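This report describes the fold of one protein chain, beginning with a single strand and widening to the sheets, the cores and the chain as a whole. The sequence and the model are shown below.

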Amino acid sequence: MAVKLKTNDKHIINLAKLVSKPNSILYKKEDLVAYDCDGFTIHKHLPKAVVFPKNTEEVAEIVKYCTANDLPFLARGAGTGLSGGAIPINEEVIISLVRMRKLISVDLENRRAVVEPGFVNLKLTNSISDKGYYYAPDPSSQYCCTIGGNVAENAGGAHCLKYGVTTNHILGLEVVLPNGEIIEIGKDGIADAPGYDLLGLLTGSEGTLGIVTKITVRILKNPEAKQTVLAYFDKVEDGSQAVSDIISAGIVPAALEMMDKVAIEGVEAAAFPVGHPRDIEAVLLIEVDGISAGIDEQINEILDVCKKRNVREVKVAQDEAERGRWWANRKTGFGAMGAISPDYLVQDGVIPRSKLPVVLKGINDISEKYQLRIANIFHAGDGNLHPLVLFDARIPGETEKALEAGSACLQICADVGGTITGEHGVGIEKKEEMRFVFKDEEIIAQTDIREVFNPKNLLNAGKLFPTPGRCVEIKKELKAAATT
């Protein structure tokens, strides 16, 4: 039964006709407010409407309509992204994929599963764990983030040190292109097919090249054994050096996480305290997994490394319950900052592990310069840092200070040979910082690829790349040179 719409907007009326279920479009301001931002809350913009398709065909029809009528549009999952990738800065029509949430198939023999984009990350592991399998990418928001969103941002997680990020677990995609055409890439789920790596191109493209409507993922057999270590350090330098020493010893942990003193204050004040000492400078959470033989040996090596680096206390989880508490404490780290600060800005830089001490010192200097506390929570094993700039948006000018401090943190990462994002994406938050790591000509090469897929630039425009400037001038010069 069609729902009578209280609007004269012809586009909203026509879009409503393209979705088969009642109540599949939102257009009133009071309903749209919930979609004015994602996890990056500093910028907020209302969409024109939010449409809820139930299948690929409806997504394609909505896209065709938007393209034919020059309506900006974008796809949205659970809205947990941290870089503004789902914020409708151009008054877009939001195509929400949350109703496309089926687990389509599981193939244990070939270790793969097929899901719709709105399927929640952790739900996949929960659906196959009784059969002895799991899905490896585990962002901290995995209890609510969707696999479609993970593909868009190339999400990582605590265990990406050993198992890789989302792109390492994608075998096939069904995609609606910006003209409404439906294509399949890696249809048979075979890894490393010949030809251009379109799976790699689309994974992490932040919703600027197409809308993913079906995903074939790799699933893994549960490891035989798993052990977790918690280590406390009085000096952050000792903890940082322990990280390098563990990797240098030939040990590749499944996860190697670190939190500093400010972060510890937050997690201990929030929902899952575990009794971390408040006077230490750093805590390491280290997990190893694999076949049972050799796990104890690896744990003993890790304990020895920590002791050589002046660890105050180091302990091994005695059971799964204790291990679960430790991980709950760590994985709620971002949200826990709300217990000690009215607002916070999450950054996401990557550095060589050897540069960890100098970068942490630089972040501390930035904290002092801007007179803002910065908590550090990060995947230390692979050098993926998450400085959390704490601020109070009610104080005039403090939001701007936080943004400047966050950008300065990324500049340090780039200066030591790192980059500006490891898993959160660029979105609108870090698009100007792309110039920290790319020359204008390199940015042009990437935007040229976008124009092949998205020539009218209606799909998620204004994301990922810097505001036009010198890049546009260079592009004109190159085109002029090519025609002479």
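## Strand β20

In β20, the residues Pro387, Val389 and Phe391 point one way, Leu388 and Leu390 point the other way, and all are buried. The model is a predicted one. With 5 of the 5 residues of β20 (residues 387–391) under the 20% relative accessible area that counts as buried, the strand is largely enclosed by the rest of the structure.

Two strands pair with β20. Strand β16 (residues 343–346) is joined to β20 by 4 bridges in the antiparallel sense, and within this pairing Val346 stands opposite Leu388. Strand β18 (residues 374–378) is also antiparallel to β20, over 3 bridges; here Ile374 has Val389 as its bridge partner.

## The seven-stranded sheet

Which sheet holds β20, and in what order do its strands lie? The sheet is open, has 7 strands and follows the order β15-β12-β14-β13-β18-β20-β16, with antiparallel pairing. At its edges are β15 (311–316) and β16, each of which pairs on one side only. From one strand to the next, the twist averages 15°. In general, the strands of a sheet pair through backbone hydrogen bonds, in either a parallel or an antiparallel arrangement.

Two helices lie on this sheet. Helix α11 (residues 320–331) lies across β12, β13 (255–260), β14, β15 and β18, and runs at about 55° to β12. Helix α13 (residues 356–370) lies across β13, β18 and β20, and its angle to β18 is about 155°.

## Strand β14 and its partners

Is β14 mostly covered or mostly open? The strand is mostly covered, as 9 of its 9 residues are buried. On one side of β14 point Ala282, Leu284, Ile286, Val288 and Gly290; on the other point Val283, Leu285, Glu287 and Asp289, and all are buried. The charged-type names Glu287 and Asp289 are thus among the buried residues of β14.

Strand β12 (residues 225–233) runs antiparallel to β14 (residues 282–290), and 9 bridges join the two. Among the bridge partners are Thr228 with Glu287 and Gln227 with Val288. Between β13 and β14 there are 6 bridges, and this pair also runs antiparallel. Asp260 has Ala282 of β14 as its bridge partner.

## Nonpolar cores

The largest nonpolar core has 48 residues. Within this core, Phe233, Met258, Leu284, Ile286, Ile302 and Leu385 touch the most other members. Leu284 and Ile286 also point one way from β14, together with Ala282, Val288 and Gly290. Leaving out residues up to four places away in sequence, Phe233 touches Asp238, Gly239, Ala242, Ile280, Glu281, Ala282, Leu284, Cys306, Arg309, Asn310 and Val311.

Another core lies apart from the largest one; it has 25 residues, including Leu5, Leu15, Ala16 and Val51. In soluble globular proteins, nonpolar side chains tend to be buried together.

## The five-stranded sheet

A further open sheet contains 5 strands in the order β5-β6-β10-β8-β9, paired in the antiparallel sense. Its edge strands, β5 (103–107) and β9 (182–185), each pair on one side only. Neighbouring strands are turned by 10° against each other on average, direction ignored. At the β5 edge, 4 bridges join β5 to strand β6 (residues 112–115), and the two run antiparallel. Ser105 has Val114 in β6 as its bridge partner.

Helix α3 (residues 56–68) packs on this sheet and touches β8 (170–176), β9 and β10 (211–218). The direction of α3 makes about 45° with that of β8. Helix α4 (residues 121–128) lies across β5, β6 and β10, and runs at about 45° to β5.

## The chain as a whole

The secondary structure of the chain comprises 16 helices and 20 strands. The radius of gyration is 23 Å, close to the 23 Å given by the globule rule for 484 residues, so the chain is as compact as a globular protein of that length. Along the principal axes, the C-alpha atoms fill a box of roughly 70 × 55 × 55 Å.

Of the 484 residues, 54% count as buried. The accessible surface comes to about 21,200 Å², and carbon and sulfur atoms hold 51% of this surface. Among contacts with a separation of 6 or more, 72% are between residues 24 or more positions apart.

Note on methods
Residues numbered from 1 in each chain as written. Predicted model: local features only at pLDDT ≥ 70, side-chain atom pairs only at ≥ 80, totals over all residues. Heavy atoms only, no water. Pairing = 2+ DSSP bridges. Axes fitted to C-alpha atoms, helices over the stretch in contact; angles between N-to-C directions. Contact = heavy atoms within 4.5 Å. Rg over C-alpha atoms; globule rule 2.2 N^0.38 Å. Buried < 20%, exposed > 50% of the residue type's maximum accessible area, 1.4 Å probe, protein only. Areas by Shrake-Rupley, 256 points an atom, 1.4 Å probe, with all protein chains shown as cover. Core = buried A, V, L, I, M, F, W, Y, C linked by side-chain atoms within 4.5 Å.
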